[in-house]
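The following paragraphs lead through a single protein chain and its ligand, beginning with the interior and working outward. Please keep the sequence and the model in view while reading.

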Amino acid sequence: MADKEYTYQDVAEHNTKKNLFMVIHDVVYDATKFVDEHPGGEEVLLDVGGQDATEAFEDVGHSDEARETLEQLKVGTLKRQAGDPKPKAPLPGAVTPASQSGGGMGVGLYAVVAIGGLIAYGAYQYLQQQQAAQNAA
Ligand code: HEM
């Protein structure tokens, strides 16, 4: 049974709580019986139901125990075809140790500093002019 080959289309048909397949590292798993037991909740599993969950699964940093459980859910392998969707990333709200924070702000921060500098320079010029005008008077 574990040698059965599924296309992505086959897997995509199993996307409900009562019939839940997912692909991790090109292996097809039937997570139907596991949904209620998943420590990470059923929602994240349903979200990747019938899809490639490799990235979502790996991003969480699942334990060896989780991988053993996974082994028991194996039903076959994925027969990749051109145009198949790519692995799906986890929900933005999911608890992931591999946090994606940091970076991002870089360009915005430079812009703020640059604009702040320009304003300060403008103010300086203005004050200089005022002083010069006062001195002239
Ligand atoms: C059938 C596939 C999966 C199995 C067998 C599985 C199994 C487990 C197990 C045993 C744990 C407990 C912690 C550990 O041992 O690592 C866990 C936690 C977790 N899983 Fe999964 N998992 C699966 C798929 C997924 C997917 C696709 C996601 C998507 C994001 C996910 C998200 C999580 C999260 C967020 C936790 C942490 C829960 C917490 O500590 O509060 N899991 N999973």
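In this predicted model, the largest nonpolar core has 14 residues, and those that touch the most other members are Phe21, Met22, Val23, Ile24, Tyr29 and Ala53. At least two residues of this core come from each of S3, S4 and H3, and S3 supplies the largest share, namely five residues. For the chain as a whole, buried residues account for 13% of the 137 residues.

The strands that feed this core can be placed in the wider fold. The chain has five helices and five strands, and along the sequence these elements follow the pattern β-α-β-β-β-α-α-α-β-α. An open sheet of five strands is formed in the order S1-S5-S4-S3-S2, and its pairing is mixed. Strand S1 (4-7) and strand S2 (15-16) stand at the edges of the sheet, and because each has a single partner strand, one side of each is left without a neighbour in the sheet. S3 and S4 run antiparallel and are joined by four bridges; within this pairing, valine 23 has valine 28 in S4 as its bridge partner.

The connection between these two strands deserves a closer look. Histidine 25 is placed in the loop between strand S3 (19-24) and strand S4 (27-30), and aspartate 26 lies in the loop between S3 and S4 as well. Most residues other than glycine have a negative phi. Histidine 25, however, has a phi near 50 degrees, which is a positive value in a residue other than glycine, and aspartate 26 likewise has a positive value, with phi near 65 degrees. As for their surroundings, histidine 25 counts as partly exposed because 13 other C-beta atoms lie within 10 Å, where the class of exposed residues ends at 12 or fewer. Aspartate 26, with 11 other C-beta atoms within 10 Å, is therefore exposed.

From the sheet, attention can turn to the ligand. Which residues are the closest of those that surround the ligand? They are Gly40, Val44, Ser63, Ala66 and Pro90, out of 23 residues that surround the ligand. Two or more residues of this shell are given by each of helix H2 (42-47), helix H3 (54-60) and helix H4 (64-73), and H4 gives the most, with five residues. H3 thus appears both among the elements that supply at least two residues of the largest nonpolar core and among those that give two or more residues to the shell around the ligand. By class, the shell around the ligand is made up of 17 nonpolar, five polar and one charged residues.

Finally, the chain can be considered at the level of domains. It is divided into domain 1 (4-79) and domain 2 (102-137), and the C-alpha centres of domain 1 and domain 2 lie 56 Å apart. An unreviewed UniProt entry lists residues 3-79 as "domain: Cytochrome b5 heme-binding". In the model, the span of residues 3-79 is 36% helix and 29% strand, and its end C-alpha atoms lie 11 Å apart.

How values were computed: Residues numbered from 1 in each chain as written. Predicted model: local features only at pLDDT ≥ 70, side-chain atom pairs only at ≥ 80, totals over all residues. UniProt positions renumbered as here; feature names shortened; annotations may be inferred. Near = placed C-beta within 6 Å. Nonpolar A, V, L, I, M, F, W, Y, C, P; charged D, E, K, R; others polar. Buried ≥ 20, exposed ≤ 12 C-beta atoms within 10 Å, placed from the backbone. Domains from an automatic or database assignment. Pairing = 2+ DSSP bridges. Core = buried A, V, L, I, M, F, W, Y, C linked by C-beta atoms within 7 Å.
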